[in-house]
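Work through the exercises below with the sequence and the 3D view at hand. Try each task before reading its solution.

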Amino acid sequence: QVQLVESGGGLVQPGGSLRLSCAASGITLSTHWMGWYRQAPGKERELVASISTNGITNYADSVKGRFTISRDIAKNTVYLQMSSLKPEDTAVYYCKAVVILSTRYYWGQGTQVTVSE
């Protein structure tokens, strides 16, 4: 059974930092494209950052230079380091795993990030 469990969300002031974690079980990161998405109230879910099976990363323009996606193969965990946070970064953040050469994918349950004074 595949499980993706996000953690690390919370309330932070503008300009602050948070590190989100996505602990995966039932899959191996080396065979899955991994992505971090977010969904703010009233908005569609959007891709924030991704890391391919060979470690290539991509970012949405809105987070370039502020967010960093990484992975620890041994721990089967993907991270999203977020810095210089802005109120517009407030959203529920989700982890997604996509099986390469397949249409199968899995979602985590999400973790809330709130950026406010």
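The exercises go from the whole chain to single residues and then to charged pairs; the model is a predicted one.

**Exercise 1. The overall fold**

Task: State how many helices and strands the chain has, and decide how its radius of gyration compares with the globule rule.

Solution:
- Step 1. Count the elements: the chain has zero helices and 11 strands.
- Step 2. Read them in order from the N terminus: β-β-β-β-β-β-β-β-β-β-β.
- Step 3. The radius of gyration is 13 Å, and the globule rule gives 13 Å for 117 residues, so the chain is as compact as a globular protein of that length.
- Step 4. Along the principal axes, the C-alpha atoms occupy a box of roughly 40 × 25 × 25 Å.

**Exercise 2. Inside and outside**

Task: Find what share of the residues is buried, and what share of the exposed area comes from carbon and sulfur atoms.

Solution:
- Step 1. Of the 117 residues in the chain, 42% are buried.
- Step 2. The exposed area is about 6200 Å², and carbon and sulfur atoms supply 50% of that area.
- Step 3. Turn to contacts between residues at least 6 apart in sequence: 53% of these join residues at least 24 apart.

**Exercise 3. Ser-21**

Task: Place Ser-21 in its element and decide whether this residue is buried or exposed.

Solution:
- Step 1. Ser-21 belongs to strand E3, which covers residues 18–25.
- Step 2. Its relative accessibility is 16%. The limit for a buried residue is under 20%.
- Step 3. Ser-21 therefore counts as buried.
- Step 4. Setting aside residues up to four places away in sequence, Ser-21 touches Val-5, Glu-6, Ser-7, Trp-36, Thr-77, Val-78 and Tyr-79.

**Exercise 4. Lys-96**

Task: Which side chain of opposite charge is nearest to Lys-96, and how far away is it?

Solution:
- Step 1. Lys-96 sits in strand E9, residues 91–99.
- Step 2. The nearest side chain of opposite charge is that of Glu-6, 12 Å away. A salt bridge needs the nitrogen within 4 Å of a carboxyl oxygen.
- Step 3. Lys-96 is buried and has no salt bridge.
- Step 4. Beyond its neighbours within four places in sequence, Lys-96 has contacts that include Leu-4, Trp-33, Met-34, Tyr-105 and Trp-107.

**Exercise 5. Charged pairs**

Task: State how many salt bridges the structure holds, and trace those made by Arg-38 with Glu-46 and with Asp-89.

Solution:
- Step 1. The chain carries 11 positive and 8 negative side chains, with the centres of the two sets 7 Å apart.
- Step 2. There are four salt bridges in the structure.
- Step 3. Arg-38 pairs with Glu-46 at 2.7 Å, N to O. Arg-38 is buried, at 6% relative accessibility, while Glu-46 is partly exposed at 34%.
- Step 4. Arg-38 also forms a salt bridge with Asp-89, whose closest N and O atoms are 2.9 Å apart. This pair links distant parts of the chain, 51 residues apart: Arg-38 is in strand E4 (residues 32–39), and Asp-89 is in the loop between strand E8 (77–82) and E9.
- Step 5. Asp-89 has 0% relative accessibility, so this residue counts as buried.
- Step 6. Put the pieces together: Arg-38, Glu-46, Arg-66 and Asp-89 are linked in a network of salt bridges.
- Step 7. Another salt bridge joins Asp-61 and Lys-64 at 3.2 Å, N to O. Asp-61 is exposed, with a relative accessible area of 66%.

Key:
Residues are numbered from 1 along each chain as its sequence is written. This is a predicted model: local features need pLDDT of at least 70, side-chain atom pairs count only at pLDDT 80 or more; totals for chains, interfaces and linings use all residues. Side-chain values use heavy atoms; hydrogens and water are left out. Helices (H or I, at least four residues) and strands (E, at least two) are DSSP runs, numbered from the N terminus. Buried means under 20% relative accessible area, exposed over 50%, partly exposed in between (1.4 Å probe, protein chains only). Contact means heavy atoms within 4.5 Å. The radius of gyration is taken over C-alpha atoms; the globule rule is 2.2 Å times the number of residues to the power 0.38. Accessible areas come from the Shrake-Rupley method with a 1.4 Å probe; for residues, only the protein chains shown count as cover. Lys and Arg count as positive and Asp and Glu as negative; His and the chain ends are not counted. The place of a charge is taken as NZ of Lys, CZ of Arg, CG of Asp or CD of Glu.
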